[in-house]
Each structure stands twice: as structure tokens, then as C-alpha cells.
Amino acid sequence: DMRVLFPEAVPFFARYERAIAQQASLTFEDYYAPLNMWTEVSVHPSADGMSQFFRDVTERKRAEDALRESRTKMEAALASMTDAVFISDAEGRFVHLNDAFAAFHRFPSKEECAQTLAEYPAILEVFLPDGTLAPLEMWAVPRALRGETATNAEYTLRRKDTGESWVGSYSFGPIRGRDGLIVGSVVVGRDITGRKRVDEELRRLNAELE
């Protein structure tokens with residue numbers, strides 16, 4: 001019995017039997033421990049028997065595992081940061097954001113954050129340092145997607161639903177692919193409202209002393 005001779009291949013045999021019983025083609029991936037190999041198997045039953053094709057996909061699976069590990073490490077690093085961090089694709093969809101992003105933008109949780117830049121003008125008003133209302137194209141993400149970089153760019157934000165306002169310091173820049181084209185943006189935001197209030201109070205006291 002092949003199941004006795006090759007017990008590690010029992011899952012393969014079960015899939016073959018299912019394909020034959022259903023007379024339907026089947027493609028699956030499996031790990032074969034004796035050879036430390038991932039294979040993609042295509043099974044095609046017919047009236048005369050069954051044809052099958054094997055393809056070694058070990059390198060692809062290893063690359064996928066490495067990518068998952070890298071993503072897990074990145075998400076852990078973002079979660080540990082107190083600054084709001086968000087990464088967008090070229091269309092302004094947020095592909096990564098951390099818990100501090102939710103707190104910074106006054107959302108109850110990360111899961112309740114709007115996931116695309118286009119949604120935020122209905123939620124927030126953003127003002128430039130001179131007090132003028134910033135059009136969407138002057139927000140951090142669009143500027144980064146145009147290739148701009150900045151450090152400590154100040155904006156005043158106001159929630160439209162609650163009226164709460166705060167001052168944010170932003171650092172941002174574009175993400176480029178191997179061909180040099182911009183494929184996304186990365187933005188870091190920090191709430192500096194308290195620091196601004198202290199600075200203003202110090203200026204007021206200095207003015208009174210003078």
C-alpha cells in the first residue's frame with residue numbers, strides 16, 4: 001500500500017482520490033518534508049486515468065514567508081511608536097497605519113479610521129501656519145506623492161464633528177519603486193499642541209517682562 005510506504009504523502013493521495021471521484025481538475029500546493037520542498041501539483045482526471053504536473057515553488061514560498069516576517073516586524077515596530085505613522089499607495093489608500101494614527105486623528109480605534117485620503121476632507125479641516133484653509137493637494141500625503149519631502153511641517157487640524165482642534169508636526173516623503181517612480185508615501189505626525197501652548201505662554205510672559 002502506497003500509504004504505508006509513503007505516510008508523509010497521504011494528503012497527496014487524498015486529493016488525488018477526490019479529484020478522480022469528482023472527475024474535476026485540482027491544483028494545490030503542499031510541502032514534502034523528505035526533500036524540504038514546496039510543490040504545486042495539478043491533477044487532471046480523465047476517462048483513461050489521470051495526468052498530473054509538478055512544479056517546484058520552494059523559492060516563491062520562501063520569499064512569501066520572508067515577506068510575511070518582514071511585514072510582521074514592521075507592524076510591531078509601528079505599533080510601538082508614539083508618533084502617528086501612515087503609509088499610502090500611489091492612489092492615497094492607506095496600506096499601513098498604527099494605533100497612534102487613530103489617537104492623533106481622534107478616532108476611537110485603528111479599525112474605525114477612514115482608509116483613504118479622499119474620505120478625510122469630510123472629517124477634518126486642515127489649516128496652514130498662516131491660518132488659511134489648506135486644500136487637499138497641500139496636505140502631507142499629496143505633497144509626498146508629488147515627490148516633496150519635509151520635516152516638521154506644521155498644520156492645524158480640526159475635527160468637523162466635534163470642533164476639537166490641535167497642531168500637528170509632519171515629516172513626510174515619497175516611496176519610490178525600483179524604476180524610480182513614486183509608488184506611495186510615508187508620513188509621520190506628532191501632536192505638538194501642548195508645546196505650542198507653552199511657547200506662546202513664554203512669549204507672552206517675555207513680552208510682559210519687557
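Arg106 has its place in the loop between helix H4 (99-104) and strand E6, and this residue makes a convenient starting point for a walk through the model, which is a predicted one. Although Arg106 is not a glycine, its phi is positive, at about 65 degrees. Most residues other than glycine have a negative phi. In terms of exposure, Arg106 counts as partly exposed, because its relative accessibility is 25% and that class covers the values between under 20% for buried and over 50% for exposed.

A second residue of this kind is found in strand E7. Asn152 has a phi near 60 degrees, again a positive value in a residue other than glycine. What is the relative accessibility of Asn152, and is the residue buried or exposed? The value is 54%, so Asn152 counts as exposed.

**The chain as a whole**

The secondary structure of the chain comes to six helices and nine strands. Of its 210 residues, 32% count as buried. Among the contacts in the chain with a separation of 6 or more, 38% are made by residues that stand 24 or more positions apart.

**The six-stranded sheet**

Six of the strands form an open sheet in the order E5-E4-E9-E8-E7-E6, and the pairing in this sheet is antiparallel. Strand E5 (94-97) and strand E6 stand at the edges, and each has a single partner strand, so one side of each is left without a neighbour in the sheet. From one strand to the next, the twist averages 30 degrees. Helix H6 (residues 193-209) packs on the sheet, where it touches E7, strand E8 (165-176) and strand E9 (182-191), and the direction of H6 makes about 125 degrees with that of E8.

The table below sets out some of the antiparallel strand pairs, including one formed by strands E1 and E2.

| Strand pair | Bridges |
|---|---|
| E4 (residues 84-89) and E5 | three bridges |
| E6 and E7 | four bridges |
| E7 and E8 | seven bridges |
| E1 (residues 26-32) and E2 (residues 37-46) | seven bridges |

Particular residues can be followed across these pairs. Ile87 has His96 in E5 as its bridge partner, while Phe127 is partnered by Thr156 in E7. For Ala150, the bridge partner is Phe172 in E8, and for Glu29 it is Glu40 in E2.

Two of the pairs are also hairpins in which a residue between the strands can be examined. The hairpin of E7 and E8 has five residues between the strands, and in this hairpin Gly163 takes a positive phi near 80 degrees. In the hairpin of E1 and E2, which has four residues between the strands, the positive phi belongs to Asn36 and is near 50 degrees.

**The cavity and its lining**

A search of the whole structure finds one cavity of 30 Å³ or more, and the volume of this largest cavity is about 170 Å³. Of the 14 residues that line the largest cavity, those closest to its centre are Phe86, His105, Trp139, Ala140 and Tyr170. Which elements each supply at least two residues of this lining? They are strand E6 (124-127), helix H5 (140-145) and strand E7 (150-159). Sorted by class, the lining has 13 nonpolar residues and one polar residue, whereas charged residues are absent from it.

**His105, a residue of the lining**

His105, which is among the residues closest to the centre of the largest cavity, has its place in the loop between H4 and E6, the loop in which Arg106 is also found. Is His105 buried or exposed? His105 is buried, because its relative accessible area is 4% and the cut-off for a buried residue is under 20%.

Leaving aside the neighbours within four places in sequence, His105 is in contact with Phe86, Leu124, Leu157, Arg159, Trp166 and Tyr170. Of these partners, Phe86 and Tyr170 are also among the lining residues closest to the centre of the largest cavity. His105 and Arg158 are 53 residues apart along the chain, and their C-alpha atoms are separated by 9.1 Å.

Definitions and conventions:
Residues are numbered from 1 along each chain as its sequence is written. This is a predicted model: local features need pLDDT of at least 70, side-chain atom pairs count only at pLDDT 80 or more; totals for chains, interfaces and linings use all residues. Side-chain values use heavy atoms; hydrogens and water are left out. On a 1 Å grid over the protein atoms alone, a cavity is a set of points where a 1.4 Å probe fits but cannot get out, and a pocket is an open set with protein on both sides within 12 Å along at least five of seven lines; lining residues have an atom within 4 Å of a point. Grid points are joined across faces, edges and corners, and a volume is the space filled by probe spheres set on the points. Ala, Val, Leu, Ile, Met, Phe, Trp, Tyr, Cys and Pro count as nonpolar, Asp, Glu, Lys and Arg as charged, and the others, Gly among them, as polar. Two strands pair if DSSP finds at least two bridges between them. Axes are lines fitted to C-alpha atoms, for helices over the stretch in contact, and angles run from 0 to 180 degrees between N-to-C directions. Contact means heavy atoms within 4.5 Å. Buried means under 20% relative accessible area, exposed over 50%, partly exposed in between (1.4 Å probe, protein chains only).
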